[in-house]
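Please open the model in your viewer and keep the sequence panel beside it, since this tour moves from the whole chain to a single pair of elements.

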Amino acid sequence: MNIRVRYAPSPTGNQHIGGIRTALFNYLFARHNGGKFILRLEDTDRARSKDRYVKNLYDTFDWLGFRWDEGPDTGGPFAPYIQSQRSELYKKYADELIAKGAAYYCFCTAERIDAVRKEREAAHSSESGYDRFCRNIPAQEAASRAAAGEAHTIRLKIPLAKDGEADPVTKFFDHSLGNIEWKNADINPDPVLLKSDGFPTYHLANVVDDHLMEISHVMRAQEWLPSTPIHVIMYRAFGWEHPEYCHLPMVMGLDGKKLSKRHGSTSIDEFRSSGYLPEALLNYVAMVGNSYEEGSRVNTHAEIYTLDELSQYFSMEKLNKAPAIFDYKKLQWYNGQYIRMKSDDELASLSLPYAINQGLFGGIGAEPDAAQKKLYTQAIPLVKERADFLKEIPEKLNYLFAEPPLPPKEEFFPKKFDCAATVELLKKGLQLINILAPASNDAEAEELTKAFAEKEGLKLGDLMMPLRVAITGARVSPPLFGSLRLLGKEKSLARTQKALDYLA
């Protein structure tokens, strides 16, 4: 079989986790099977579709680092890949369904449909959806009214039971859910295929385009499952073979409810601005509701996979049937792992935009000069093992570029030390800075510090605490030896003396 899958977003909002997961699974399935991954823009909702959302889609995939084989910007044998540019096709196929007796003209106004809905509500009726008022208008009369210019839509004629027959059932197989049977009586009654403005609805455009673009498998979120029997009925009405289906389990928060903003970020832009790496996000999203075999791998880190490895191990049969849980803590772990896998130069380059936006180099948006950029890169090893997000890196290094404010005096005090005793410790700290000035690495600095503390009869932690606060402005900070080395002897002595004066 020639494997062809698609991601078909509606450009009515920014890209989010659910959509990216669908796109990624389609991409991995295509790559695993040597097939094609297609992007199609389903922009038939003219009121809500915006160019800025199209731009967001392209920007998102550029950042994530995987792309389609055919699409609006790359072209392909089934162009155009934007539904608003394919309108004439949909009219043609809607007319074909009418000719086959599988669809009909509907002349009901929005006001009539709304009135029917209100009557049902007042009567507490269990009926819902369209009441099929125009379904039995004689075909010739309906065609004449439409040709005369009377406003109309075109509706699909869902097959119903005839007198004395059992209710018909629409059946199809789903790779995730198994055999599905859907009573036609429970399907949305005669949905609109072509709107009065000539634009298709999702149902018509989706089926026509999937057929014409030779889509072999449709992998989409489970929320689209109620649409599938409608689509299967349409395929059969056209005399076409429908694609194979796989409805992906929903993505839930830890509370078991559908993932939303109340759980945290869902927009890819939000993850990006928070300092996530695209590799980490893709690796984790690929694992949500899915499992992979270890096999023979180059990368021996547990749960860490490259995009090529994910493609190699992906299997539709290994998708979980139960709803998938999106764990932000696990994603944070992934991000930290990928941060630590970067070289210092890479990490400096990746985190530099966050530093600029935070004003690390003298003001919001200020670019670093050569000396500042060098210092920033040299400081990366101080925070690399402790950062889980790119934006944390400049936050943790702020003290190297601007003298931190003096905290409350009690922050300087080691346990069981008062102010006077802490002043004496800081005086020893001044001596220690001079002793450490020649040290070229942490191991050498640690040996010198231990020897000094032993000579002075001090505990190492007591000696270091007030000095750390004087240098970095906080009790918890990046490693002190590296900080002293990067800050330099003169600045380190000046900050320590300032703290001494403050406490005294």
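The stops below go from the overall outline to one place where two strands meet.

Begin with the whole protein chain, which is a predicted model, and colour it by secondary structure to bring out 19 helices and 11 strands. The radius of gyration is 32 Å, well over the 23 Å that the globule rule gives for 504 residues, and the chain is therefore more spread out than a compact globule. If you show the C-alpha trace alone and turn it along its principal axes, the span to look for is about 105 × 55 × 40 Å.

Next, switch on the surface of the protein chain, whose accessible area comes to about 24,200 Å², with 51% of it belonging to carbon and sulfur atoms. Colouring by burial instead marks 49% of the 504 residues as buried. Among contacts with a separation of 6 or more, 74% are made by residues 24 or more positions apart. Selecting the charged side chains gives 64 positive and 68 negative charges, and the mean positions of these two sets lie 2 Å apart.

Now select residues 217-221, which form strand 8. Is this strand largely enclosed or largely open? Four of its five residues are buried, so strand 8 is largely enclosed by the rest of the structure.

Keep strand 8 selected and add residues 244-248, which are strand 9. The two strands run parallel and are joined by five bridges. To finish, centre the view on His 217 of strand 8, whose bridge partner in strand 9 is Glu 244.

Conventions. Residues numbered from 1 in each chain as written. Predicted model: local features only at pLDDT ≥ 70, side-chain atom pairs only at ≥ 80, totals over all residues. Heavy atoms only, no water. Rg over C-alpha atoms; globule rule 2.2 N^0.38 Å. Buried < 20%, exposed > 50% of the residue type's maximum accessible area, 1.4 Å probe, protein only. Contact = heavy atoms within 4.5 Å. Areas by Shrake-Rupley, 256 points an atom, 1.4 Å probe, with all protein chains shown as cover. Lys, Arg positive; Asp, Glu negative; His and termini not counted. Charge placed at Lys NZ, Arg CZ, Asp CG, Glu CD. Pairing = 2+ DSSP bridges.
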